[in-house]
Amino acid sequence: MTESAVKVDNLWKVFGPKASTIPGSEYAELSPRELREQTGCVAAVRDMSFEVAPGEVFVVMGLSGSGKSTLVRCLIRLIEPTSGKLEVEGDDVIAMSDSQLREMRRNHVAMVFQHFGLLPHRRVIDNVAYGLEIRGVRKAERQAKAAEVLDLVGLAGNENSYPDQLSGGMQQRVGLGRALAVDPALMLFDEPFSALDPLIRRDMQNEVIRLHHEVGKTMVFITHDLQEALKLGDRILIMRDGKMIQLGTPDEIVAAPADDYVRDFVSDVPRSHVVTLKWVMRPPAADESLDGPVMKPSVVVRDAAREGLASDHPIRVMDNGELLGVVSEDDLIRVIVAEQEGASA
C-alpha cells in the first residue's frame, strides 16, 4: 500500500491568458484583484500542497469562490492543473495519457456530485450498475453487485423504481451506490448534499459516516458548511482565494484557528462538542489530587463532562501510561460557559 492515497505538491490552477507564466513569477504573490487587474488571470488554486492518508475522510471547505471545487476536479484532471505535482494511489496523474486517465476514472476513482446525474429512463438497479456496465462486466454479475450495494446504502426493495419515483435523499443514495459499486480506491464528493433539506442532509451525512466505517474508503469531501466538515472530517483543509489557510483535525481548527478568517468561521461552533481534553488540560498543581478518572487526550469535552463534573478529583489525561495533564471541574466549566456566552452574544 502507498503511504498516501492522494499527494498534492505545489499545485496551481490559473485561468486566463498566459496562465502558465503565473506560478513562480512575481505575479504569484499578488492578491486576487491585483492579479486580475495586472494579468487578466484568476488563480483558482494557489500553490496547494497536502497529502490524504489511505482510509481518511479529508474535507476541503471554504466559501463560494474559494477554489475548492476546482481543486477536487484537478485531482483527476477533469480540470487540467496549470502546474505542480499530483499523485493518486502512487501514480503520477499529471503524466497520465488520455487512456490512462480514463482507466483511473473508471476503475479507481468515483465522484458524487450535488446534482445526482441519474439516468431517468433506467431503473435504480441499472443506475447503480452503470459504471460496471461501462467496464464491460456481464449483466448477471453487475446486477448482483448492484443489489448488494443497494442493500448497503439502504435501498433494498427499490431496485425496480425509477429515479423520479424517489425522494431527493433516496436519489442521492442511488448516487452513492453507483459510486460504491465500482469499488473505487478513492471517492470524491463535491457538495453532494447541499441541495437537500436539512433533515435529509443530516441523514445522508450519517450515511456517509456509516458507510465509511463499513467499507473504509478514502474520501475527499468538498463542502461550504462548517458543521458538515466538523462532523465528517478526520482532517479539514480550509481554503480562501485558492489558498490553504489551515489544515488540521476538527479540534485543532476550533481550538487553535490559524487567523481571524478561520476564527470567524468557528465562532458559532459549540466548543464542548469538538474541543478535546488535549486543548483544556494543564499541569497538575502541587496540592492537586491525582486520584481522578483517567481519560485519553482525544476525549471530547462534552463526553468528559458528566464523569468529570461528578468526580471530586480532576480528570487525569493519560496516554500510554503517561500523565499528560489534568482537567478540573473549573476547567470544564470554563469551556462550557464560554460556549454559552458566545452563543448569546
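What follows is a short back-and-forth about salt bridges and nonpolar cores in this predicted model.

Me: Why is the pairing of Asp-183 with Lys-217 called a salt bridge?
Reply: Their side chains come to 2.4 Å, N to O. The cut-off is within 4 Å for a Lys or Arg side-chain nitrogen and an Asp or Glu carboxyl oxygen, so the pair qualifies.

Me: What makes this a link between distant parts of the chain?
Reply: Asp-183 sits in the loop between α7 and β7, Lys-217 in the loop between α8 and β8, and the two are 34 residues apart.

Me: Why is Lys-217 called buried?
Reply: Its relative accessible area is 13%, and buried means under 20%, so the label fits. Asp-183 has 49%; exposed needs over 50%, so Asp-183 stays partly exposed.

Me: How do you know that Glu-252 and Lys-278 meet in a salt bridge?
Reply: The N to O distance is 3.8 Å. That is still within 4 Å, so the pair counts. Glu-252 belongs to helix α10, Lys-278 to the loop between α11 and β11, with their positions 26 residues apart in the numbering.

Me: Why are Glu-252 and Lys-278 both called partly exposed?
Reply: Glu-252 has a relative accessible area of 26% and Lys-278 has 39%. Partly exposed lies between the 20% and 50% limits, so both values land there.

Me: What separates Asp-331 and Arg-334 along helix α13?
Reply: About one helical turn, because they are three residues apart in that helix (residues 329-344). They form a salt bridge too, with the closest N and O atoms 2.4 Å apart.

Me: Which of the labels, buried or exposed, goes to Asp-331, and which to Arg-334?
Reply: Asp-331 is at 5%, under the 20% limit, so it is buried. Arg-334 is at 51%, over the 50% limit, so it is exposed.

Me: How many salt bridges are there altogether?
Reply: The structure holds 22. Arg-173, Glu-207, Arg-210 and Glu-214 are linked in a network of them.

Me: What makes Ile-238 and Leu-277 stand out in the largest nonpolar core?
Reply: Of its 59 residues, those two touch the most other members. Helix α7 gives the largest share of this core, five residues. There's also a second, separate core of 29 residues, including Val-6 and Met-96.

Me: What is Ile-238 in contact with, leaving aside neighbours within four places in sequence?
Reply: Its contacts include Met-61, Ile-253, Tyr-261 and Phe-265. Lys-243 and Gln-246 are among them as well.

Methods: Residues numbered from 1 in each chain as written. Predicted model: local features only at pLDDT ≥ 70, side-chain atom pairs only at ≥ 80, totals over all residues. Heavy atoms only, no water. Core = buried A, V, L, I, M, F, W, Y, C linked by side-chain atoms within 4.5 Å. Buried < 20%, exposed > 50% of the residue type's maximum accessible area, 1.4 Å probe, protein only. Helix = DSSP H or I, 4+ residues; strand = E, 2+ residues; numbered from the N terminus. Contact = heavy atoms within 4.5 Å.
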